[in-house]
Amino acid sequence: MYIDKELMFSQNQKITATASSTNIINLENTEGQGMPVYPFVQVVESFAGLTSLTVHIQSAKKETTPNDGDFTTIMSSKKYTVQELTKTQSIGFGSLPSLSGNYLRIKYEVEGTATKGAITAGIALDKQA
């Protein structure tokens with residue numbers, strides 16, 4: 001899987017409470033528009049303490065950089081329990097819907113109180129194996 005730094009939502013982002021990805025991706029500025037793209041989410045530090053984690057891919061259709069309230073969820077993972085969130089766990093998604101807005105981010109929804117855990121996430125041009 002080829003990873004482009006410009007297409008990264010999170011790099012080793014600590015997730016201890018509900019939060020958005022550290023980066024917002026503007027797809028208007030990327031090459032290959034119209035090609036299928038695949039979000040990937042990888043647990044890089046095992047989680048502890050939380051009850052569950054749900055990962056939401058969110059989109060905003062704006063001319064300028066969007067605010068928090070401009071984003072809507074277009075894809076969601078299942079609820080992962082703390083037992084499932086071990087290092088090297090992948091959270092898979094299919095390709096993004098073609099009607100996604102030009103701005104994308106991830107919202108990490110945490111239930112419970114996480115004491116540790118980190119994620120790396122982005123967009124790739126091929127499916128995660």
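**Close-up views of a predicted all-strand chain**

Of the 129 residues of the chain, 43% are buried (under 20% relative accessible area with a 1.4 Å probe, protein chains only; over 50% is exposed, and values in between are partly exposed). The model is predicted: local features require pLDDT of at least 70 and side-chain atom pairs pLDDT 80 or more, whereas totals for chains, interfaces and linings use all residues. Residues are numbered from 1 along each chain as its sequence is written, and side-chain values use heavy atoms, without hydrogens and water.

**View 1. Strand order along the chain.** The chain holds eight strands and zero helices, in the order β-β-β-β-β-β-β-β. Both elements are DSSP runs numbered from the N terminus: strands are E with at least two residues, helices H or I with at least four. Among contacts (heavy atoms within 4.5 Å) with a separation of 6 or more, 79% link residues 24 or more positions apart.

**View 2. Residue N12 in strand 1.** N12 belongs to strand 1, residues 8–14. Its phi is near 50°, a positive value in a residue other than glycine.

**View 3. Residue T88 in a loop.** T88 lies in the loop between strand 6 (80–81) and strand 7 (90–92). Phi of T88, a residue other than glycine, is positive, near 80°. T88 counts as exposed because its relative accessibility is 60%.

**View 4. K78 and the ring of Y80.** The charged end of K78 sits over the ring of Y80, 5.0 Å from its centre. This term requires NZ of Lys or CZ of Arg within 6 Å of the ring centre and within 35 degrees of the ring normal.
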